Amino acid sequence: MIEISDLWFDYDGFPVLRGVSLKIELGEVVAIMGENGAGKTTLIRHFNGLLKPKRGYVKVFGVDTREATVAELSRRVGLVFQNPDHQLFAETVFDEVAFALKNFGFPEDVIERRVEWVLKMLDLYDLKDRSPFSLSGGERKRVAIASILSYDPDIIVFDEPTVGQDYGQKERLAQLIKLLKSQSKIIVVVTHDVEFVAENFPRVVLLSKGRVIADGSTRRVLTDEKLIRRANLLLPQVTQVAKHLVEFGVPGDLMWVSEIKGAILKVLGRGCT
Amino acid sequence: MNILKGFEFKHGESIIHKLDPRAKLLFSIVLLVISFIFFNPLILLLIFLSLLPLFYISNVLGDFLKTLRGSLFFIILVFVINFLTLDFIYALSLGLRLILIISCFSIFFLTTYPEDFAEALIKLKVPYDFALTFTMALRFVPTLAREAQLIIDAQRSRGLEIEKGSFIVRLKNYIPILVPLIVGAVRRSIKVAEAMESRAFGASPKRSSIVEFSFKKNDYLFIFLTISLLLFSLWLKYYLHLDDILNSYFHFGQFHPFL
Amino acid sequence: MPIIKVKGLSYRYPGSSRTVLKNITLNIDEGEYVVITGPSGCGKTTLCRCFNGLIPHFYGGNLEGEIIVNGFPVKETSTSTLAQYVGMVFQEPESQLFLLSVEREVAFGLENLGLPREEIVKRVDEALKLVGISHLRDRAPHELSGGEQQKVALAACIAMQPKILVLDEPTANLDPISAVNILNLLQSLRNKLGVTIILVEHRLEAVASVADRFIVMNDGMIVSDGDPRDVLSSTNIEGLGVGVPKVIQLYKDLKRRNVIFNLVPLTPKEVKACLMEVLEFD
């Protein structure tokens with residue numbers, strides 16, 4: 001699990017994280033949200049030691065990140081970066097996905113097996129001998145994810161995975177997250193896609209100006225107008241509808257279409273099924 | 001990267017900042033010429049000291065000194081090599097000359113808007129495409145630096161250890177960093193080209209410019225002073241032979257360490 | 001007379017056997033606000049590139065059929081000519097700002113046209129003011145936020161006084177509030193300048209209520225084209241991977257339970273209005 005205590009970090013004297021404390025247990029799926037510059041990207045770089053705390057500590061499975069190398073921590077914390085083009089370099093998709101496994105010293109036969117497994121899982125098997133540069137944007141993104149999943153880290157962090165994705169691609173990502181959750185992994189997603197979070201995440205950590213301003217159930221956090229505004233986000237559309245219908249007795253914290261449908265049917269006296 | 005601080009534009013409202021870039025360019029070139037005319041270290045030192053006020057009033061002295069400190073290695077290297085092969089006084093003057101060369105470029109770049117520099121080049125008949133390429137290169141340096149860091153982070157997160165291993169291994173480890181960087185740069189240049197085309201690049205053979213340089217009183221004064229300085233230096237050197245007189249006084253060429 | 005006429009347009013990128021645009025036919029009238037959407041790879045970006053001649057002149061490839069923009073046949077008109085009538089804003093903020101100051105960036109297109117300096121200064125001032133970034137005039141692009149950068153890109157296009165503005169997913173890399181800001185700005189520019197707007201978007205909630213027309217593409221073809229309310233609520237865009245706004249899903253679900261709103265709602269406010277009508281009716 002991840003344990004962060006009073007984390008402070010600054011860039012050139014400019015404070016980016018101001019006393020962040022956070023705990024994430026095995027099997028949890030958490031969304032980290034906040035305005036641009038709130039510190040989200042800086043925060044997740046502490047999970048695998050790319051950044052070390054100036055004050056406070058970060059412990060991953062009990063190991064203090066200041067006492068481990070990035071390579072050691074990355075073995076257990078997989079970080080999927082936002083732009084796949086920042087990592088693709090190999091001659092084939094297979095080599096790309098095998099890269100991390102090679103770095104971590106896995107034997108050849110295990111590498112072969114693992115790569116094939118993850119390629120099949122992400123629908124990339126037919127592309128395994130292609131050059132990663134010849135693939136479409138969506139395919140490149142899946143290759144980047146595959147290259148992290150291949151070595152089966154216990155914690156997987158996605159940095160803005162929904163940017164530029166169409167609805168279908170986002171659905172597939174949600175399925176993947178569900179699958180990984182069923183394997184008892186910790187999933188952390190940094191995003192500002194409120195709709196995506198409302199549908200798929202039970203817990204939200206809201207950052208603003210380097211501090212945690214909320215940490216709790218998605219429903220409690222994302223339907224709170226004041227919090228949302230502080231973090232430069234928008235309420236989920238269903239919640240906006242609910243807030244408009246408060247005078248009809250509709251609760252103001254609805255997030256899903258099924259809920260608002262039920263509430264409206266109730267208002268109309270048509271009951272629910 | 002403190003060594004580069006003295007070449008990075010710093011915003012300011014000083015007289016030097018407001019001078020026409022062409023006047024400043026002229027000054028830097030004249031200074032360069034002067035630093036090659038004179039050999040005597042005393043003269044070179046005096047020239048250098050008289051430059052310092054210019055840095056001070058432009059409020060960029062600190063950045064310039066950072067670059068000097070960063071260049072100390074090269075300056076000392078120049079001194080040592082020339083000391084061991086030629087002569088102490090000569091080595092001193094060459095070291096000072098290097099300092100002067102750095103100074104004359106530094107004062108220019110610290111106080112001139114980068115795009116004004118490109119524009120000054122154009123006004124001096126440098127082809128537009130060339131100046132534009134220079135501007136764009138400057139524009140994307142911070143972006144490339146940021147990307148390089150992102151790429152390094154991404155690859156380290158996949159277990160790449162760039163500090164470990166033999167020389168050959170470390171060289172090989174640069175491939176996962178260079179390839180995405182170069183591919184990204186190529187991709188970006190296509191996007192930039194698209195954007196340029198979409199704003200009618202090449203529409204008219206005669207391009208106009210929003211930037212207009214006009215010499216003001218200060219500029220004429222500065223140019224006058226610059227030309228006077230050049231003429232004065234030439235007079236000192238070739239008429240009064242001040243340089244040679246001082247050199248013989250310092251026993252120039254006679255302090256060879258191994259003779 | 002439509003400002004954009006497309007007839008039987010098909011296109012293949014050079015060296016590719018895949019037809020990315022398949023027999024597209026469509027007309028866009030002057031002053032229309034059109035949103036084009038569809039799953040990744042459907043051809044919407046490719047179609048946009050045809051509007052200012054990047055296709056076929058910059059990309060090459062095989063363009064068949066007819067496309068006329070502001071009276072100019074695109075196949076025979078250079079991009080530098082078309083660019084005077086069609087402004088284009090791209091998805092990535094960083095790559096479309098390539099100079100060292102905002103002012104120079106906004107002036108670039110006008111300088112390319114060889115306009116006299118006084119005219120350039122005037123237009124740059126106007127464009128900066130219209131977009132609300134006069135205070136950023138002397139800043140360097142890499143110092144700006146993504147939202148500010150896109151505003152600069154917009155100003156750089158507006159300065160050329162185009163008749164058509166094409167924006168290819170301009171808010172994709174922005175956070176929700178910045179995205180809404182840009183879209184509101186677009187709306188105000190449209191009202192002030194009467195410019196035709198073609199916007200490619202995935203995030204439909206923000207634009208559903210301001211667009212005049214929605215075009216949904218899939219696999220190189222137009223699958224649906226018309227009033228936003230009709231297009232978004234139609235069944236033939238279901239399952240395509242288009243992010244239909246939740247209020248529309250709500251409308252459809254309620255319809256299945258025999259609660260029929262008199263209007264397909266495009267905003268939460270409209271849902272309330274529809275509900276109140278149904279209540280009155282009851």
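**Exercise 1. The contact of chain B with chain C**

Task: In this predicted model, work out how much area is buried between chain B and chain C, and which residues and helices of chain B take part.

Solution. Begin with the area: about 3400 Å² is buried between chain B and chain C, and carbon and sulfur atoms account for 57% of it. Next, turn to the residues, of which chain B brings 36 to the contact and chain C brings 41. On the side of chain B, the most area is lost to chain C by Arg139(B), Arg199(B) and Ile210(B), which together make up 26% of what that side buries.

The third step is to look at charged and polar pairs. Eight salt bridges are found across the interface of chain B and chain C, and one of them joins Arg104(C) to Glu119(B), with the closest N and O atoms 3.0 Å apart. Because a salt bridge requires a side-chain nitrogen of Lys or Arg within 4 Å of a carboxyl oxygen of Asp or Glu, the pair Arg104(C) and Glu119(B), at 3.0 Å, qualifies. Across this interface of chain B and chain C there are also 21 residue pairs in polar contact, both residues being at pLDDT 80 or more. Finally, assign the residues to elements: helix H6 (114-123), H7 and H9 of chain B each give two or more residues to the side that touches chain C, and H7(B) provides the largest share, ten residues.

**Exercise 2. The contact of chain B with chain A**

Task: Describe the interface of chain B and chain A by its area, its salt bridges and the helices of chain B that supply it.

Solution. Chain B and chain A bury about 1800 Å² between them, with 59% of this on carbon and sulfur atoms. In chain B, the residues that lose the most area to chain A are Ser157(B), Arg158(B) and Arg187(B), together 39% of what that side buries. Counting residues in contact gives 18 from chain B and 24 from chain A.

For the polar part, three salt bridges are found across the interface of chain B and chain A, including the one between the side chains of Asp85(A) and Arg187(B), at 3.3 Å from N to O. There are eight residue pairs in polar contact between chain B and chain A, again with both residues at pLDDT 80 or more. H7 and helix H9 (175-197) of chain B each supply at least two residues of the side that touches chain A, and H7(B) gives the most, with seven residues.

**Exercise 3. The form of helix H7(B)**

Task: Find how far helix H7 of chain B reaches, and where H7(B) bends.

Solution. Helix H7 of chain B runs over residues 128-156, which is 29 residues, and reaches 41 Å from its first C-alpha to its last, close to the 42 Å expected at 1.5 Å a residue. Following the axis, we find a bend of about 35° at Val141(B), with the proline Pro142(B) following within four residues.

**Exercise 4. Two backbone details**

Task: Which peptide bond in chain C is cis, and where in chain A does Ser184(A) lie?

Solution. Start from the general rule that most residues other than glycine have a negative phi, and most peptide bonds are trans. The bond from Ile55(C) to Pro56(C) is cis, with omega near 10°, and Pro56(C) lies in helix H2 (residues 54-58) of chain C. Ser184(A), although not a glycine, has a positive phi of about 60°, and Ser184(A) is placed in the loop between helix H6 (167-182) and strand S8 (186-190) of chain A.

Definitions and conventions: Residues numbered from 1 in each chain as written. Chains lettered and ligands numbered in written order. Predicted model: local features only at pLDDT ≥ 70, side-chain atom pairs only at ≥ 80, totals over all residues. Heavy atoms only, no water. Expected span 1.5 Å × (residues − 1). Bend = angle between axes of the 7 residues up to and from the residue. Contact = heavy atoms within 4.5 Å. Buried area = accessible area lost by both parts, 1.4 Å probe. Polar contact = N/O pair within 3.5 Å; in protein donor to acceptor, adjacent residues only side chain to side chain.
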